[in-house]
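Please open the model in your viewer and keep the selection panel at hand. The tour moves from one selection to the next and says what to look for at each stop.

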Amino acid sequence: MLRLENIAKSFYARHEVFDAVSDVSIDVYENEFLTILGPGQCGKSVLLNIIAGLEKPTKGTVDFPASSDTTMGFVFQKTAVFPWKTVMENVELGLQIKGTNKKERREKAQYLIELVGLKGFENAYPYQLSGGMKQRVGIARAYCVNPDILLMDEPFGALDAQTRTQLQTELLETWEREKKTCFFITHDVEEAIILAQRVIIMSARPGRIKDIVDINIPYPRTQETKLTPEFNELKNHIWSQVYQEYLAVRK
């Protein structure tokens, strides 16, 4: 589906070279759910931006299947909805830009609005929505263009625990129905495990892949999954590695 090969990214700031990521290589499979963990400033968001084409790598390549044009949807850490547009207008925006006729884009948007639990709010404006509801709008909008790859940069990081848990459940249900390839950045080890098929652990800056952990817990996963011995064994294993990198940042 997608191959990252020897990706490196450097910036020039404050009269010196700043290395964000270095020598990152990974094969990503079709319909796979990947989560990325690591300490602050280890290049997680930079890596996502490179995949999205928002930034060019200093070295290395991002290879997509030669036989098709790969489309992407992006869900940002902060809610990125247009305040002057309704929920429906926000969700259908990508299809509108593509020139999809009104009837088709409205049907697709309505399906996704209902899928993320916002039925009845089609005509609401962002100021009338909670933070969690705005994030659902962002998720629905990203799905609406039928992307091959969904990129999510800590989309639940600023939400309260209850809303975050609810959106994790809804995201998994949506992914199991739609089967997109997902990259999901998080700082939360439990969130990384509950969502992913594989967890990528990044090292302290410059970010490198320290480990890739297979999550062999069957779907569907619920909050009760977090109480199982298998989950806690994975949590301890992953957290010990992440914590080592946090300590490295503090030195």
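In which loop is the place of Glu92? In this predicted model, Glu92 sits in the loop between helix 2 (87-91) and helix 3. Its relative accessibility is 2%, and because buried means under 20%, Glu92 counts as buried. Show the side chains here, and you will find a polar contact of 2.8 Å between those of Glu92 and Arg106. If neighbours within four places in sequence are left aside, the residues in contact with Glu92 are Arg105, Arg106, Ala109 and Cys144.

Next, select the lining of the largest pocket, which has a volume of about 240 Å³. The residues to pick are Met72, Gly73, Phe74, Phe76, Leu93, Gly94, Ile97, Lys98, Gly138, Arg141, Ala142 and Val145. Strand 5 (72-75), helix 3 (93-98) and helix 5 (131-144) each contribute at least two residues to this lining, and helix 3 gives the most, with four.

Keep strand 5 and helix 5 in view while turning to the enclosed spaces. The structure holds two cavities of 30 Å³ or more, and the largest cavity contains about 50 Å³ of space. Its lining consists of Phe74, Val75, Phe76, Lys78, Thr79, Ala80, Val81, Lys134, Gln135, Gly138 and Arg141. Strand 5 and helix 5 each supply at least two residues of that lining, with helix 5 giving the most, namely four residues.

Now move to Lys180, in the loop between helix 6 (161-178) and strand 7 (181-185). Which side chain of opposite charge is nearest to Lys180, and how many Å away is it? It is Glu178, at 4.5 Å, and Lys180 is buried yet has no salt bridge; a salt bridge requires a side-chain nitrogen of Lys or Arg within 4 Å of a carboxyl oxygen, so the pair with Glu178 does not qualify. The side chain of Lys180 does make a polar contact, at 2.4 Å, with the side chain of Asn146. Apart from neighbours within four places in sequence, Lys180 is in contact with Asn31, Glu32, Tyr143, Asn146, Pro147, Asp148 and Trp175.

Helix 1 (residues 44-52) is the next selection, and it is mostly covered, with seven of its nine residues buried. The buried ones are Lys44, Val46, Leu47, Leu48, Asn49, Ile50 and Ile51. Step past the end of the helix to Gly53, which follows helix 1 and has a positive phi near 85 degrees.

The last stops concern the backbone. Most residues other than glycine have a negative phi, and most peptide bonds are trans. Select Asp23 in strand 2 (residues 16-28), where phi is positive, near 55 degrees, in a residue other than glycine; at 49% relative accessibility, Asp23 counts as partly exposed. Glu154, in the loop between strand 6 (149-153) and helix 6, also has a positive phi, of about 45 degrees, although it is not a glycine. With a relative accessibility of 14%, Glu154 counts as buried.

Where do the cis peptide bonds from Arg205 to Pro206 and from Tyr219 to Pro220 lie? Pro206 is in the loop between strand 8 (198-202) and strand 9 (209-214), and the bond leading to it from Arg205 has omega near 0 degrees. Pro220 is in the loop between strand 9 and helix 8 (229-250), and the bond from Tyr219 likewise has omega near 0 degrees.

Terms used. Residues are numbered from 1 along each chain as its sequence is written. This is a predicted model: local features need pLDDT of at least 70, side-chain atom pairs count only at pLDDT 80 or more; totals for chains, interfaces and linings use all residues. Side-chain values use heavy atoms; hydrogens and water are left out. Buried means under 20% relative accessible area, exposed over 50%, partly exposed in between (1.4 Å probe, protein chains only). Lys and Arg count as positive and Asp and Glu as negative; His and the chain ends are not counted. A polar contact is a pair of N or O atoms within 3.5 Å; within protein, one must be able to donate a hydrogen and the other to accept it, and residues adjacent in sequence count only if both atoms are side-chain atoms. Contact means heavy atoms within 4.5 Å. On a 1 Å grid over the protein atoms alone, a cavity is a set of points where a 1.4 Å probe fits but cannot get out, and a pocket is an open set with protein on both sides within 12 Å along at least five of seven lines; lining residues have an atom within 4 Å of a point. Grid points are joined across faces, edges and corners, and a volume is the space filled by probe spheres set on the points.
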